[in-house]
Amino acid sequence: MRIGWLESEIGKILEVELTEAEEAIAISDTHLGLKYKGRELSKSRELSEFLEKILGDNNVKLIVLLGDIFDFWSAKVGDIIRSAYDPVKVLVGSDKTIVYVAGNHDRIVSWIKLESSRGKGDIYTVPDFFILNVDGRKYLLLHGHQLDALFTRFKGLWKIQSYVYILSESLFSLPGPSEWMLAALSAGSFAFLLASITANNVLQEFILFLVSILLLSPLLVMLWRKLQDRIWYGLLEELNMKLSKSRLRGKSLRHLSVSKPLNRFLRSLESIPQIGRIDGVVLGHTHVPELLVEEGRVYANTGSWIENGHNSTCTFVRITSHMITLGKWENGRETKIHEASLPGS
């Protein structure tokens, strides 16, 4: 296995090259720590069992964590730590190379770089995507939220959620109800400031505006964390579905809302000389496990590892030099959902 960085017009791009005998496993959307009405949705026990099995496979040299592994969006830090403890404990003792591609729910991990003093078992984190070269075939691996109209319409504003999460968790860590007392005190100070101070010029108005944001932010952040699931999933996504059919969650790779932005993204990347032809794409985000081959290119979705009301959970993608397989971890063993020979193999 060879790991390097491609210098391109859009910056450095991670490229991992595997030999013919080496394999890669990709998983995504484990959402460790995610709960709904007090019930844990993430399949952390099954994930730990699967990882233990994979670590014993000598052919697997690369493990790809393809985004939304930790739910740094709505889950509490304590729940994330408890849910992630066993899977992380398994991975820590591994000598496999790990590439962690950040998703929209775990964006805050994209800046972390971990290198083992043993010279093996390193973890590489990338914010958007990387290139996997397997016996001369190039794969694009990304989480997939980059294609979602719900995010592209708001440009980069969705990234603010990561900072909101960090600030709100800091407030929630305060003892008792003191976080709400602090938020109320800060908002009260804002009201007093607004009533007692008059700005006489543009500079004073600007300073007053910044101070107002600072004083109101604790209350706004606390309210957002309490109501975000209702606002995000109950209002914004519903509104987006009514205004446009381009929402990705739950959509097949063949759906126009997925295929059109994906093809545009591919064309833009293939125009970069250092990348060139892309033979396959592996992504997550939609929570729909799928594998298809179209026009000489293979497409795969890793699915998810959370309860979703369907049987299609605990799924993964295995990539070899001649075959790509969509698999499922079920009842303590690996089963095959679908596989496809690579074009030209």
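Seven strands come together here in an open sheet with mixed pairing, and reading across it you meet them in the order 8-7-6-3-14-15-16. Keep in mind that this is a predicted model. The two edges belong to strand 8 (123–126) and strand 16 (333–341), each of which pairs on one side only. From one strand to its neighbour, the turn averages 20 degrees, direction ignored. As for what holds such an arrangement together, strands of a sheet pair through backbone hydrogen bonds, either parallel or antiparallel.

Now zoom in on one pairing. Strand 3 (residues 23–27) runs antiparallel to strand 14 (residues 315–319), and three bridges link the two. Look for Ile-25, and you'll find Arg-318 of strand 14 standing opposite.

That arginine leads us to charges. Side chains of opposite charge can pair when their charged atoms come close. How many salt bridges does a search of the whole structure find? The count is 17. Some of them share partners, and in this way Glu-23, Lys-53, Asp-57, Arg-318 and Glu-334 are joined into one network.

Another salt bridge connects Glu-307 with Arg-39, at 3.2 Å from N to O. Glu-307 sits in the loop between strand 13 (297–301) and strand 14, while Arg-39 belongs to strand 5 (residues 39–40), so this pair ties together parts that are 268 residues apart in sequence. Glu-307 is partly exposed, at 34% relative accessibility, and so is Arg-39, at 44%.

Then there's Arg-45 with Glu-46, a salt bridge at 3.2 Å, N to O. Here Arg-45 is exposed at 53%, whereas Glu-46 is buried at 17% relative accessibility.

Technical notes: Residues are numbered from 1 along each chain as its sequence is written. This is a predicted model: local features need pLDDT of at least 70, side-chain atom pairs count only at pLDDT 80 or more; totals for chains, interfaces and linings use all residues. Side-chain values use heavy atoms; hydrogens and water are left out. Two strands pair if DSSP finds at least two bridges between them. Helices (H or I, at least four residues) and strands (E, at least two) are DSSP runs, numbered from the N terminus. Axes are lines fitted to C-alpha atoms, for helices over the stretch in contact, and angles run from 0 to 180 degrees between N-to-C directions. A salt bridge is a side-chain nitrogen of Lys or Arg within 4 Å of a carboxyl oxygen of Asp or Glu. Buried means under 20% relative accessible area, exposed over 50%, partly exposed in between (1.4 Å probe, protein chains only).
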